[in-house]
Amino acid sequence: MRVAASLALALAALLPPRPAFALERELVLSPRVGFASSSGPVGGPGAVVELGAHCGLNDAFSLYAVGGYNVAFPGAPRGPRHGATLAAGVVYALDVLRVVPYVGLGARGDVMVGPNDGWITPSAEARLGLRWLLRRGLGLSFEAAYAFPFVGRDLAADLVTVTVGVSFLRDL
């Protein structure tokens, strides 16, 4: 029994290691679609399309940037509200398995246009996500974000998005 175990251990030591899935020095692009909502008289439920990017600083921290478009449908008599989003920040990822959860904090700016008005809302945001790595270079992305606007809260506040998409990963 000891001989078999020693032989298996020696054989395993000679085999090449499997590639790691670490986020260190890795670029991730994630097109996503999902649900958006905000409170307030010009807020309401709607849809969102985003393009997210992560740039790995090390195996735990990444910089992120997100650009997106959303449309909300507040109650009558208001028509749809359109919005464009740009966000950036830092995320911490627990990168030990093929399922990589992450949490981040950042700054966000939204340009919103309603039927009769338009405004810009700078915000602080929190992001929570999960990337399921299917194989090297490809994964599924699930992400939720909450933004707290500092300006324009009387029109549309507490911006929430929940998205799903595909992640393309590339080593830098």
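**Exercise 1. Is Asp110 buried or exposed, judging by relative accessibility?**

Solution. This is a predicted model, so every value here is computed from predicted coordinates.

Step 1: Read the accessibility. Asp110 has 0% relative accessibility.

Step 2: Apply the cut-off. Buried means under 20% relative accessible area. Asp110 therefore counts as buried.

Step 3: Look for a partner of opposite charge. Side chains of opposite charge can pair when their charged atoms come close. Asp110 forms a salt bridge with Arg108. The closest N and O atoms are 2.9 Å apart.

Step 4: Check the partner. Arg108 has a relative accessible area of 6%, so Arg108 is buried too.

**Exercise 2. Outline the whole protein before going further.**

Solution. Step 1: Count the elements. The protein has 1 helix and 8 strands.

Step 2: Put them in order. From the N terminus, the run is α-β-β-β-β-β-β-β-β.

Step 3: Ask how much is covered. The protein has 172 residues, and 38% of them count as buried.

Step 4: Look at the surface. The accessible surface is about 9400 Å². Carbon and sulfur atoms account for 74% of that surface.

Step 5: Ask how far contacts reach along the sequence. Take the contacts between residues at least 6 apart in sequence. Of these, 58% join residues at least 24 apart.

**Exercise 3. Find the salt bridge of Arg127 and follow the network around it.**

Solution. Step 1: Name the pair. Arg127 and Glu143 meet in a salt bridge, with 2.4 Å from N to O.

Step 2: Place both residues. Arg127 is in strand 6 and Glu143 is in strand 7. The two are 16 residues apart, and the pair links distant parts of the chain.

Step 3: Check burial. Both Arg127 and Glu143 are buried.

Step 4: Widen the view. Salt bridges that share partners join Arg32, Glu50, Arg108, Asp110, Glu125, Arg127 and Glu143 into one network. The Asp110 and Arg108 of Exercise 1 are among its members.

**Exercise 4. Describe the salt bridge between Arg136 and Glu26.**

Solution. Step 1: Start from the total. The whole structure holds 9 salt bridges.

Step 2: Pick out this pair. Arg136 and Glu26 form a salt bridge, and their closest N and O atoms are 3.6 Å apart.

Step 3: Place the residues. Arg136 lies in the loop between strand 6 and strand 7, while Glu26 lies in strand 1. The pair therefore ties together parts that are 110 residues apart in sequence.

Step 4: Compare accessibility. Arg136 is partly exposed, at 34% relative accessible area. Glu26 is buried, at 2%.

**Exercise 5. Which residue is the nearest side chain of opposite charge to Arg131, and how far away is it?**

Solution. Step 1: Place Arg131. It sits in strand 6, residues 118–135.

Step 2: Find the opposite charge. The nearest such side chain is Glu143, 5.6 Å away.

Step 3: Test the distance. A salt bridge needs the nitrogen within 4 Å of the carboxyl oxygen. Arg131 is buried yet has no salt bridge.

Step 4: Look for another polar partner. The side chains of Arg131 and Ser167 share a polar contact of 3.4 Å.

**Exercise 6. Work out the surroundings of Asn70 and Thr161.**

Solution. Step 1: Place Asn70. It lies in strand 3, residues 61–72. At 8% relative accessibility, Asn70 counts as buried.

Step 2: Find its polar partner. The side chain of Asn70 makes a polar contact of 3.2 Å with the side chain of Arg81.

Step 3: Compare sequence and space. Asn70 and Gly83 are 13 residues apart in sequence, but their C-alpha atoms are 5.1 Å apart.

Step 4: Turn to Thr161. It belongs to strand 8, residues 157–171. Thr161 counts as buried, at 4% relative accessibility.

Step 5: List neighbours. Leaving out residues up to four places away in sequence, Asn70 touches residues including Ala36, Val48 and Asp110. With the same limit, Thr161 touches residues including Ala36, Val48 and Glu143.

**Exercise 7. Locate the nonpolar patch on the surface.**

Solution. Step 1: Give its area. The patch covers about 940 Å².

Step 2: Name members. Among them are Leu57, Phe61, Leu63, Val90 and Tyr92.

Step 3: Find the strands. Strand 3 and strand 4 each supply at least two residues.

Step 4: Inspect one member. Tyr92 is in strand 4. Tyr92 is partly exposed, with a relative accessible area of 38%.

Methods:
Residues are numbered from 1 along each chain as its sequence is written. This is a predicted model: local features need pLDDT of at least 70, side-chain atom pairs count only at pLDDT 80 or more; totals for chains, interfaces and linings use all residues. Side-chain values use heavy atoms; hydrogens and water are left out. Helices (H or I, at least four residues) and strands (E, at least two) are DSSP runs, numbered from the N terminus. Buried means under 20% relative accessible area, exposed over 50%, partly exposed in between (1.4 Å probe, protein chains only). Contact means heavy atoms within 4.5 Å. A polar contact is a pair of N or O atoms within 3.5 Å; within protein, one must be able to donate a hydrogen and the other to accept it, and residues adjacent in sequence count only if both atoms are side-chain atoms. Accessible areas come from the Shrake-Rupley method with a 1.4 Å probe; for residues, only the protein chains shown count as cover. Lys and Arg count as positive and Asp and Glu as negative; His and the chain ends are not counted. Patches are made of residues with over 30% relative accessible area and no salt bridge: like charges are joined within 9 Å, nonpolar side chains (Val, Leu, Ile, Met, Phe, Trp, Tyr) within 5 Å.
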